[in-house]
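Here is a short walk through one model, written with a computational chemist in mind. Have a look at the fold first, and then read on.

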Amino acid sequence: MALDYDTVKHWAFPDVEQHYTDKDTMLYALGIGLGQDPLDTRQLRYVYEKDLIAFPTMSVVLGYPGFWMRDPRAGIDWVRIVHGEQRLTLHKPLPASGRVLGRSRITHVVDKGRERGAIVVTERTLHDMAGDCLATLQQSTFCRGDGGFGQGDAPPEPLPPAPERQPDLQCTLPIAPNAALLYRLNADPNPLHADPGVARRAGFERPILHGLCSFGVAAHAIVSRCCDYDATRLRALNVRFSAPVYPGESLRCDIWRMNERELRFAVRSVQRDVVVMSHGTAEVTP
């Protein structure tokens, strides 16, 4: 069954109300590598219940509508999908625990051609129970086996590339060998990140790390180097996923300061010397 443009573009998502606890907040932070130095109290505030703060990229796992692309009605070859881009704008601080409402819609279905796949862009807004918007998320999913359906939308405005000069800052963070198994407990049970057989059928040598876990690691690097671990200063983060990340690697984040608030960044696997995240942009408050 081929991807059906009209069905996917007008996919009806129910609102998702989610209650999360301090334990969920700490599990997310541990999943993106915070707390590896238990003596660093700047990190401890995200993984310990005393004066707990939610790391802001936790927004990406809240109000999640589920693995809807696995539904046969969409006609998507779900085994071959990968995360293409993630964009996040933060409007208000995320409480350490509480109840939120996620509202999702499809904004773009892009046909890249029969041999080149398709891109499906899902927008989700996250609200507190008073109705205030906490975050706006835009996720681009690259459907590698689903191009050539003959109609589609223009792609979103592209993210800018990194400057052609040496980075102003760098931060290298290790990825635990069991990081994907830990991170999948937050929201994404796709077996691509746990089952070696599924990973091989998808064309990977072994299970890969979730794109959103890599996204959180990039945010961790930026908050570490540019915000002195005060994650409330992070206001936006956008990135393109350019290559898979394998658990057990180390990631080096190269950061360029464009002005007082705007950053650009790229992330490289140290062991393979491969750029795994490109076209990164971030906004921080001074």
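The end C-alpha atoms of residues 162-276 lie 13 Å apart, and this span is 23% helix and 29% strand. Helices (H or I, at least four residues) and strands (E, at least two) are DSSP runs, numbered from the N terminus. UniProt, in an unreviewed entry, gives residues 162-276 the label "domain: MaoC-like". Its positions follow the numbering used here, feature names are shortened, and annotations may be inferred rather than shown by experiment.

A word on the source: this is a predicted model, where local features need pLDDT of at least 70, side-chain atom pairs count only at pLDDT 80 or more, and totals for chains, interfaces and linings use all residues. Residues are numbered from 1 along each chain as its sequence is written, and side-chain values use heavy atoms, with hydrogens and water left out.

The two annotated spans sit side by side in this table:

| UniProt feature (unreviewed entry) | Residues | Helix | Strand | End C-alpha separation |
|---|---|---|---|---|
| Peroxisomal multifunctional enzyme type 2-like N-terminal | residues 19-145 | 11% | 40% | 35 Å |
| MaoC-like | residues 162-276 | 23% | 29% | 13 Å |

Now to strand β7 (residues 234-241). Six of its eight residues are buried (under 20% relative accessible area, 1.4 Å probe, protein chains only), so β7 is largely enclosed by the rest of the structure. Strand β7 pairs with strand β2 (residues 81-90) in the antiparallel sense over five bridges; two strands pair if DSSP finds at least two bridges between them. Gln86 stands opposite Val239 of β7. Strand β7 is also joined to β10 (residues 274-284), again antiparallel, by six bridges, and there Asn238 has Thr281 as its bridge partner.

What about the interior? The largest nonpolar core has 57 residues, and Phe55, Val60, Ile222 and Phe265 have the most contacts inside it. Such a core is a set of buried Ala, Val, Leu, Ile, Met, Phe, Trp, Tyr and Cys residues joined through side-chain atoms within 4.5 Å. Helix α6 (residues 211-226) gives the most to this core, with 10 residues. Because domain 1 (5-143) and domain 2 (169-284) both give residues to this core, it lies between them; the domain bounds come from an automatic or database domain assignment.

Finally, Asp128 belongs to strand β4 (residues 117-128) and counts as buried at 19% relative accessibility. Leaving aside residues up to four places away in sequence, Asp128 touches Lys92, Arg99 and Leu134, where contact means heavy atoms within 4.5 Å.

Note on methods:
Buried < 20%, exposed > 50% of the residue type's maximum accessible area, 1.4 Å probe, protein only.
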